[in-house]
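Let's take a friendly walk through this structure, one residue and one grouping at a time. Keep the viewer open and follow along.

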Amino acid sequence: MAVWRRLGCQNLLAASLILCAIQLGVDVRARPANMSAATKDKNTGGKDDNEILPPGHLNGVKMELDGHLNKDFHQEVFLGKEMEEFDEDSEPRRNRKKLIDIFTKVDFNKDRSVSAKEMQRWIMEKTEEHFQEAMKENKNSFHAVDPDGDGHVTWDEYRIKFLASKGLNEKEVAEKIKNNEDLKLDEETQEVLESLKDRWFQADNPPGDQLLNEQEFLSFLHPEHSRGMLKYMVREIVRDLDQDGDQKLALSEFISLPMGTVENQQAQDMDDNWVRERRKEFEDVIDSDRNGIVTMEELEEYMDPMNEHNALNEAKQMIAVADENQNHTLELDEILKYSEYFTGSKLMDYARNVHEEF
């Protein structure tokens, strides 16, 4: 595996990788072609321990916080909260029946085919499901960091809970903070805290009072819920990838590989795929005016999970993948044949008894 370390990386990418490393116990120097698989695994386990931390992966958002493309995006917006039910080890016939049931729901007008408009409508519904799940989790997380129940959380209250979740004695930390004493934190934890503090104050809606209410805390944990925090997330991603300081992204900057050494052919193939996928996404999707430059506004529109135009484009792309008869709609046999693309789970004998089961 290729190894990398960005120079001078004191922004969101560094903090994001370190935060993921703290949560996952992985080597922050590893250069993966895609971080979403690791962060998705993180979300399925250890939630109690990390419930007050911003998640490393945001479901239904096209780009990761570290600037990588979300490889599971189309599955997340097609399956919604049912995504975890499609396990590779699940019985294929059971998964087939679930996929048939989803097809009948997407087929809103019941003509036994799915149009781009129907898929767009479905994508927006599934994205809303992710939002609702995030709001539900946020309510529990907010109560965990609001010990006095006054409906507001100070930065000190939050960092006490955060450090306690890392194994420090909560009473001792609280006492040291009260007395303005040095907490003697290791470098990685200190860097994560600084990043969280910056994110905390960005989530504090004007006029800033350095307190977060439940809605502001939702923006802190899930920046995709707030236009202001979405802008902040975009700025941080651009700042990391922007090599000439013009606050825009050229194609060369967007596909530039992190610094490192390619050690074998497998790593070289990963790098080649990484570049190829990012080039296609840049040229076909993100650069909306096709001028070879991506502005912050274009990247913000691209990352906005509730952008209906993006949902329609995604719907058309998803249909194009499986539309074997080229009629610009999806039939049941097509979606079953390409089940691995839509669900991450490959169905055997996908066409068997399709019409009878349907």
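A good place to begin in this predicted model is Leu 230, which belongs to helix H10, the run covering residues 227-241. Is Leu 230 buried or exposed? Its relative accessibility is 2%, and because buried means under 20%, Leu 230 counts as buried. To see what surrounds it, set aside the neighbours within four places in sequence: Leu 230 is then in contact with Pro 223, Glu 224, Glu 300, Met 303 and Asp 304. You can also place Leu 230 relative to Glu 301: the two are 71 residues apart in sequence, while their C-alpha atoms are 9.6 Å apart in space.

Now turn to the nonpolar interior. In soluble globular proteins, nonpolar side chains tend to be buried together. The largest nonpolar core here has 28 residues, and the members touching the most other members are Phe 78, Met 119, Leu 330, Ile 335 and Phe 342. Two or more residues come from each of helix H3 (73-79), helix H4 (92-106), helix H5 (116-145), helix H14 (308-322) and helix H15 (332-337). Of these, H14 gives the most, with six residues. For a view from inside this core, select Leu 330: not counting residues up to four places away in sequence, it touches Phe 103, Arg 112, Ser 113, Val 114, Met 119, Ile 319, Ala 322, Asp 323, Ile 335 and Phe 342. Another core lies apart from this one; it has 24 residues, including Leu 53, Phe 142, Phe 217 and Met 229.

The aromatic rings add another layer to the picture. How many aromatic pairs does the structure hold? There are twelve. One of them joins Phe 78 and Phe 342 in a tilted arrangement, with 5.1 Å from centre to centre and 50° between the planes. This pair links distant parts of the chain, since Phe 78 is in helix H3 and Phe 342 is in helix H16 (residues 339-343), 264 residues apart. Phe 78 has 0% relative accessibility and so counts as buried; Phe 342, at 0% relative accessibility, counts as buried too.

Elsewhere, Phe 142, Trp 155, Tyr 158, Trp 200, Phe 217 and Phe 220 make up one aromatic cluster. Arg 199 lies over the face of one of its members, Phe 220, at 6.0 Å from the ring centre. To finish, look at Arg 278: its charged end sits over the ring of Phe 254, 4.0 Å from the centre of that ring.

Notes: Residues are numbered from 1 along each chain as its sequence is written. This is a predicted model: local features need pLDDT of at least 70, side-chain atom pairs count only at pLDDT 80 or more; totals for chains, interfaces and linings use all residues. Side-chain values use heavy atoms; hydrogens and water are left out. A nonpolar core is a set of buried Ala, Val, Leu, Ile, Met, Phe, Trp, Tyr and Cys residues joined through side-chain atoms within 4.5 Å. Buried means under 20% relative accessible area, exposed over 50%, partly exposed in between (1.4 Å probe, protein chains only). Helices (H or I, at least four residues) and strands (E, at least two) are DSSP runs, numbered from the N terminus. Contact means heavy atoms within 4.5 Å. Rings of Phe, Tyr and Trp (its six-membered ring) pair if their centres lie within 6.5 Å; planes under 30 degrees apart count as stacked, over 60 as edge-to-face and the rest as tilted. A charge sits over a ring if NZ of Lys or CZ of Arg is within 6 Å of the ring centre and within 35 degrees of the ring normal.
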